[in-house]
Amino acid sequence: MADSPEQVLSSLREEIDQLDSQLVDLLKRRAAVTAKVGQVKSQTGMPIYVPERESQLIAKRRKQAEQQGVSPVLVEDLLRRIMRESYATQDGEFLQTNPAINKVVIVGGNGSLGRIFVELFKRSHYPVTVIEKDDWPNADSLLANAKLVLVCVPITLTELVIEQLPRLPDDCILADITSVKAKPLNAMMQQHSGPVLGLHPMFGPDSAGMVKQVVVVCHGRMADKYQWLIEQFRVWGAKIEETDAAEHDRAMAFIQVMRHFNTFVYGAHLRHENPDLELLTNFSSPIYRLELAMVGRLFAQAPELYADIIFNDPENVALLKRFNQRFNEVVTLFEAGNKAEFIKQFLQIGRWFGDYAKKCLVDSKRLLLKADDDQMLR
């Protein structure tokens with residue numbers, strides 16, 4: 001007598017359970033190996049994240065998947081998630097790129113972002129001193145013999161703190177991490193005659209570390225003296241982007257100022273219109289839930305941070321006014337019922353984006369599938 005469908009299904013499910021159990025065992029074994037890899041990297045100074053190695057690994061496994069009739073997209077998704085976890089297992093102690101640095105001072109080291117740098121320097125075996133507001137009367141002694149002073153304070157305080165620094169040793173590196181660069185970099189160049197550079201870590205305080213994170217470097221003075229610091233960032237897994245301060249600030253006007261301002265206005269409009277957020281979420285596809293989540297995310301954070309970014313440079317007003325002008329121009333198209341002009345402009349904008357638009361379409365589909373799989377946006 002043949003087995004019933006329920007018996008067949010039960011047997012198949014048992015087989016799946018066994019395979020899943022084996023998969024967990026394999027992941028455990030892989031994690032043990034990647035932990036050893038991390039130990040070797042910490043001893044040699046090799047960076048945690050090596051893009052070429054990751055790309056080669058994924059390409060090989062995709063090819064293997066195709067040969068064996070397995071979805072290469074599935075294999076790549078699994079590998080990227082597994083590798084993200086493996087980077088965390090490698091994220092332990094780090095090699096010092098410059099053992100001669102016997103004193104690192106972090107001004108604002110108890111702040112949300114400053115703490116990340118304190119931890120990374122300590123895990124790289126650098127002696128770290130933290131200065132906070134209450135420590136300022138003792139700044140002279142705390143900064144004495146410093147080899148690196150990293151200013152990690154809010155935007156509105158950065159230039160003031162730099163200007164109030166006592167005379168630093170001639171060989172001391174002075175750097176900051178604020179999200180604007182031209183004015184702080186100029187202030188550091190005026191205040192200190194030694195090595196100077198501006199840094200902008202493009203991640204927030206909720207980051208687990210620097211692996212795959214972008215750090216923008218704006219050179220100031222005596223680049224050869226702080227090359228070890230840039231290499232230290234690479235050891236920590238950072239992706240370094242080098243530019244000048246003016247170009248950085250122009251880019252940030254679009255990357256940060258416009259996006260934060262636009263999100264703020266969208267949130268303000270929702271508040272005044274007062275729709276049911278739960279209903280909007282329930283009715284939305286993953287892409288719209290993601291967009292709504294990015295708006296909501298802004299308002300779960302400190303308003304002072306975003307106010308500082310938007311209000312810091314009066315020149316941003318002109319950019320936002322131009323944005324408002326173009327917004328009104330499109331509204332005028334709608335009022336006139338000029339759908340043809342809308343389509344014409346749509347195509348012009350699409351041509352400006354070029355192949356990047358197509359890449360965004362592919363990448364966003366993959367992102368949304370992952371978001372929908374675990375219902376993270378529901």
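**Stop 1: a pocket**

Start by selecting M258, N262, F323, N324 and F327: of the 25 residues that line the second largest pocket, these lie nearest its centre. You are looking at a predicted model, and in it this pocket has a volume of about 780 Å³.

Which helix gives the most to this lining? Colour α13 to see the answer, since it contributes 13 residues. Now show α9 (245–273), α12 (303–311) and α13 (316–336) together; each of these helices supplies at least two lining residues. If you colour the lining by residue class, you will find 17 nonpolar residues, three polar and five charged.

**Stop 2: the sheet**

Next, hide the pocket and bring up the strands. Seven of them make an open sheet, and reading across it you meet β2-β1-β3-β4-β5-β6-β7, with mixed pairing. Select 128–131 and 239–243 to light up the edges: these are β2 and β7, and each pairs on one side only. Turn the view to look along the sheet, where the twist from one strand to the next averages 25°.

Zoom in on β4 (residues 173–176) and β5 (residues 196–201). How do these two strands run, parallel or antiparallel? They are parallel, and three bridges join them. For one of the contacts with β5, pick L174, whose bridge partner there is V196.

**Stop 3: helices on the sheet**

Keep the sheet on screen and add residues 114–123. This is helix α4, which packs on the sheet and touches β1 (104–107), β2, β3 (148–151) and β5. Compare directions as you rotate: that of α4 makes about 170° with that of β1.

Then add residues 182–191, which form helix α7. Helix α7 lies across β4, β5 and β6 (214–221), and it runs at about 155° to β5.

**Stop 4: the annotated spans**

Zoom out and select 102–364. An unreviewed UniProt entry annotates these residues as "domain: Prephenate/arogenate dehydrogenase". Across this span the chain is 56% helix and 13% strand, with its end C-alpha atoms 46 Å apart.

Finish with residues 9–36, where UniProt, again in an unreviewed entry, places the feature "coiled-coil region". What does the model show for residues 9–36, helix or strand? The span is 100% helix and 0% strand, and a distance line drawn between its end C-alpha atoms should read 41 Å.

Terms used
Residues numbered from 1 in each chain as written. Predicted model: local features only at pLDDT ≥ 70, side-chain atom pairs only at ≥ 80, totals over all residues. Heavy atoms only, no water. UniProt positions renumbered as here; feature names shortened; annotations may be inferred. Helix = DSSP H or I, 4+ residues; strand = E, 2+ residues; numbered from the N terminus. 1 Å grid on protein atoms, 1.4 Å probe; cavity = no way out; pocket = protein on both sides within 12 Å on 5 of 7 lines; lining within 4 Å. Points joined across faces, edges and corners; volume = space filled by probe spheres on them. Nonpolar A, V, L, I, M, F, W, Y, C, P; charged D, E, K, R; others polar. Pairing = 2+ DSSP bridges. Axes fitted to C-alpha atoms, helices over the stretch in contact; angles between N-to-C directions. Contact = heavy atoms within 4.5 Å.
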